[in-house]
Every structure is written in C-alpha cells, then in structure tokens.
Amino acid sequence: VDTKTDALIRQAMREEIPDVLRAFSMSFRSGHSLSQTLADASKETDGYMSRLLSTAADRLEMGATTTEALSAMRNNPRLPELSFVAVALDVQHKSGGSIAPVLESATESIEGELKLMRSLRVQTAQAKLSASIVTVMPFILVALFSLMSPDFLSPFFSSALGMAVLALALTMQLAGVLVVRRMLKVEVV
C-alpha cells in the first residue's frame, strides 16, 4: 500500500473514532461491562477498527487484564487518538466511577481535531489553486500583450539591459513559485 493510500485509510479510521466513543458512552450508560462495550462497538464498525476492538474484547473474555487487553489500542501507531481512551478505560475499570464524561470530552476533542484537519486541507487546496493562478497569470498576460502588440517584447530582446531585466523577471517568477510550493507543503496526519 502506498503512503497516500495508507494516509487515506488512516484518516477514514480517525473519522470513525468519535462514533466509536459515542457507542462506548451509550453502552456504559446502559450498564454494559467493558468487554460487552468493546464487543458491541466492534460490531458497529468494520475493517481494522472492528478487529482492534474485537481483539480487546476477546482478550478480556479470555481472562486478560484490562491493561493487557487494551494494549493494542494504547500502543497503536495508526490511531494514536485511541491511546488516551485506552488509558481512561483502564483507569475507570480499575477504580470505578463514570467513564461517560471522559468519553464525551475525548469525543469533542477528537471531533475538534478532525474539523481542524479538514479546514487545513481545504485552505491548503485553495492556496494551491491561488498559487497556480498567480504562477500562470504573468505568462498569459505576456502572451495577450504580445498578440495585441507584436512589438511588446522587442525592447527586451534588443538590448543587454532588456535581456537582463527579462532574465531577472523569470528568475524572480521561478523563485516565487518555489517559495510558494515549499510554504504549501503541509503534511496532514
């Protein structure tokens, strides 16, 4: 799987997390145990997330400690958002108390992060489009002026100073394009 496809898969899994946390919260409010909650949530998701939750539920059913059962969620490099949730579930299971407010807070936090990432992608796409237009526009204008006035570029080619100014303009245009591309190179994880 190439890195772009892997990033898309990881982003799709991250988008599922708030729904999983809501399912956790509802299940805990209904009085379900941790293993029942994990099993129920695994049925409501699919793919990697479902297998992850199902594995944790199966480990609990087989007698593993909550720390051992939730280790797959805690140490998951593909979904670092689940690490906090795994620790919170482990602490809640050992100490008791209501986990629902913690899950709701985690859901809000993750949804805020996802919203911010979406906004960043949209703004980056808009900036890339603007940069493309600004990059192409000088060449279009020069072509239009040359069509309207065939002698428009003659001063640039008739003297050494004109050639130097033209070379400077092209160099500045290229430097501007490179700077803008570098500024727009944003990694969204």
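1. Leaving aside its neighbours within four places in sequence, which residues is Ser42 in contact with? They are Ser50, Leu53 and Ser54. This is a predicted model, and the points below should be read as such. Ser42 itself sits in helix H2. It is buried, at 8% relative accessible area, where the cut-off for buried is under 20%. Its side chain also has a local partner: a polar atom there lies 2.7 Å from the backbone oxygen of Ala39.

2. H2 covers residues 34-44. Its packing against H1 comes next. The two axes come within 9 Å and cross at roughly 140°. That makes H1 oblique to H2, since only angles over 145 degrees count as roughly antiparallel. The crossing of H1 past H2 is right-handed. On the H1 side the contact uses Val20, Ala23, Phe24, Ser27 and Phe28. H2 supplies Leu34, Thr37, Leu38, Asp40, Ala41 and Glu44.

3. H1 (residues 3-29) also packs on helix H3 (residues 47-61). Here the axes come within 10 Å, with a crossing angle of roughly 40°. H1 is therefore oblique to H3; the limit for roughly parallel is under 35 degrees. H1 passes H3 in a right-handed crossing. Met13, Glu16, Ile17, Val20 and Phe24 of H1 make the contact with Tyr48, Met49 and Leu53 of H3. Some residues recur. Val20 and Phe24 serve H1 in its contact with H3 and also in its contact with H2. Leu53 takes part in the H1 contact and is also a partner of Ser42.

4. Glu81 deserves a look. It belongs to helix H6, residues 81-95. Is Glu81 buried or exposed? It is buried, with a relative accessible area of 11%. Its side chain makes a polar contact with the side chain of Arg14, at 2.7 Å. Beyond its neighbours within four places in sequence, Glu81 is in contact with Arg14, Ile17, Ile110 and Glu113. Ile17 is also one of the H1 residues that meet H3.

5. Now H7 and H9. Helix H7 runs over residues 100-148 and helix H9 over residues 160-184. They pack at about 175°, with axes 10 Å apart. The two are therefore roughly antiparallel. From H7, the residues involved are Thr124, Ala127, Lys128, Ala131, Val134, Thr135, Pro138 and Phe139. They meet Leu170, Gln173, Val177, Val180 and Leu184 in H9.

6. Pro138 is worth checking by eye. This proline lies in helix H7. It is partly exposed, at 31% relative accessible area. Pro138 is among the H7 residues that meet H9. How far apart are the C-alpha atoms of Pro138 and Gln173? The separation is 8.8 Å, for residues 35 apart along the chain.

7. How many aromatic pairs does a search of the whole structure find? It finds one. The rings are those of Phe145 and Phe152, with centres 5.3 Å apart and planes at 50°, so the pair is tilted. The angle falls between the cut-offs: under 30 degrees would be stacked, over 60 edge-to-face. Both partners are partly exposed: Phe145 has 38% relative accessibility, and Phe152 has 31%.

Key. Residues numbered from 1 in each chain as written. Predicted model: local features only at pLDDT ≥ 70, side-chain atom pairs only at ≥ 80, totals over all residues. Heavy atoms only, no water. Phe/Tyr/Trp six-rings, centres within 6.5 Å; stacked < 30°, edge-to-face > 60°. Buried < 20%, exposed > 50% of the residue type's maximum accessible area, 1.4 Å probe, protein only. Helix = DSSP H or I, 4+ residues; strand = E, 2+ residues; numbered from the N terminus. Polar contact = N/O pair within 3.5 Å; in protein donor to acceptor, adjacent residues only side chain to side chain. Contact = heavy atoms within 4.5 Å. Axes fitted to C-alpha atoms, helices over the stretch in contact; angles between N-to-C directions. Parallel < 35°, antiparallel > 145°, perpendicular 65-115°, else oblique. Left-handed = near helix turned anticlockwise from the far one by under 90°.
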